[in-house]
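Please open the model in your viewer and keep the selection tool at hand. The stops below are meant to be followed in order.

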Amino acid sequence: MSVDRGSGAASGADPVVAGLCVDLRAEADDLRALLEPLPEQDWMRPTPAPGWTIHDQVAHLAHFDGVTRLALAEPEGFLAERDAVTDLQSYVDGIGPANARRTSAQMLQWWREEQDGLIAAALAAPHGERVPWFGPAMSLPSKLTARIMETWAHGQDVADALGVIRTPTDRLRHIARIGVLATPNSFRTHGHDPPSAPIRVALTPPAEGPDWEWGDPIAADVVSGTALDFCLVVTQRRHVDDTSLHVHGPAALAWIAIAQAFAGPAGRGRAPGQFG
């Protein structure tokens, strides 16, 4: 199997998986372009995630790229690591402090190596591979899409810490789709049944072209606006009040207040007015 490090393409790979690997690499490269010029001391800047520095954000990405590679290439090793975790939130929050001695150059190298390993494992995986995880097993395309979402969301925390406005790309479609598909889980995470009323989502993409749409086209409950604003809300990087999203209908209003594209316990989100 031949792998092109730059593009993420490989001969014989599932074309969907190969395309997702390309987008994962591109999303990470955009973030690395922000990180590489930073003075060492700036890696200790606090980010909007309480208690997390820029260093912690990158440690999280490197660690979970590595854990995803392990789940793909050595599932028994992953299951042993997973089963040793007694408290998932403490495990996640401890990644940054556990890697506090790494310099910025070491952090970037670590992340690059872990992502290289993940992409190589994904491209070599049999078609239809299921990936074990801390929750239910996932299809490989779903797992890669989740890595794109995580890279973009933690990259947003870094950008916010630096006061940088990033240019949105059509890779946001991956994140928007996860946000829509995660609607039932968003309610269940908060102990509520999903609403019976259908919700339509209509988003203006970053580039020219038709809106991205999901749901019943005649649904009375609607969320509309830019793809960027929607992705910021469903990854809980912005409170909906700090966006220009239009939300109509009780089901849509209830959902957008708790929407989260990521698995796990309910996120703390961001406060209204935090970003203006």
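Begin with helix α8, where Leu 172, His 174, Ile 175, Ala 176, Ile 178, Gly 179 and Val 180 are buried. The model is a predicted one, and in it α8 spans residues 172-181, of which seven of the ten are buried, so the helix is largely enclosed by the rest of the structure. Keep Ile 178 selected, since this residue returns at a later stop as a member of a nonpolar core of 32 residues.

Next, select strand β5, residues 221-226. Five of its six residues are buried, so this strand too is largely enclosed by the rest of the structure. Which strands pair with β5? Strand β3, residues 199-204, runs parallel to β5 and is joined to it by six bridges, and here Arg 200 has Val 222 of β5 as its bridge partner. Strand β6, residues 246-248, runs antiparallel to β5 and is joined to it by three bridges; to see this pairing, display Val 223, which stands opposite Val 247 in β6.

Now turn to the largest nonpolar core, which has 45 residues. The residues with the most contacts inside this core are Leu 35, Trp 43, Ile 54, Leu 72, Trp 111, Leu 140 and Leu 144. Two or more residues of the core come from each of α1, α2 (54-73), α4 (88-93), α6 (104-124) and α7, and α2 gives the most, with ten residues. Centre the view on Leu 35 and, leaving aside its neighbours within four places in sequence, look for its contacts with Trp 43, Ile 54, Val 58, Leu 108, Trp 111 and Val 158. Apart from this core lies another, of 32 residues, which includes Ile 178, Leu 203, Trp 214 and Ile 256.

The last stop is the second largest pocket, with a volume of about 380 Å³. Its lining consists of 22 residues, and those lying nearest its centre are Gln 156, Ile 165, Arg 166, Thr 167 and Leu 228. The elements that give two or more residues to this lining are α1 (15-35), α7 (140-162) and α10 (227-234). Which of the elements gives the largest share of the lining? That share, four residues, comes from α7, a helix that also gives two or more residues to the largest nonpolar core. Colouring the lining by class will show nine nonpolar, five polar and eight charged residues.

Terms used:
Residues are numbered from 1 along each chain as its sequence is written. This is a predicted model: local features need pLDDT of at least 70, side-chain atom pairs count only at pLDDT 80 or more; totals for chains, interfaces and linings use all residues. Side-chain values use heavy atoms; hydrogens and water are left out. On a 1 Å grid over the protein atoms alone, a cavity is a set of points where a 1.4 Å probe fits but cannot get out, and a pocket is an open set with protein on both sides within 12 Å along at least five of seven lines; lining residues have an atom within 4 Å of a point. Grid points are joined across faces, edges and corners, and a volume is the space filled by probe spheres set on the points. Ala, Val, Leu, Ile, Met, Phe, Trp, Tyr, Cys and Pro count as nonpolar, Asp, Glu, Lys and Arg as charged, and the others, Gly among them, as polar. Buried means under 20% relative accessible area, exposed over 50%, partly exposed in between (1.4 Å probe, protein chains only). A nonpolar core is a set of buried Ala, Val, Leu, Ile, Met, Phe, Trp, Tyr and Cys residues joined through side-chain atoms within 4.5 Å. Contact means heavy atoms within 4.5 Å. Two strands pair if DSSP finds at least two bridges between them.
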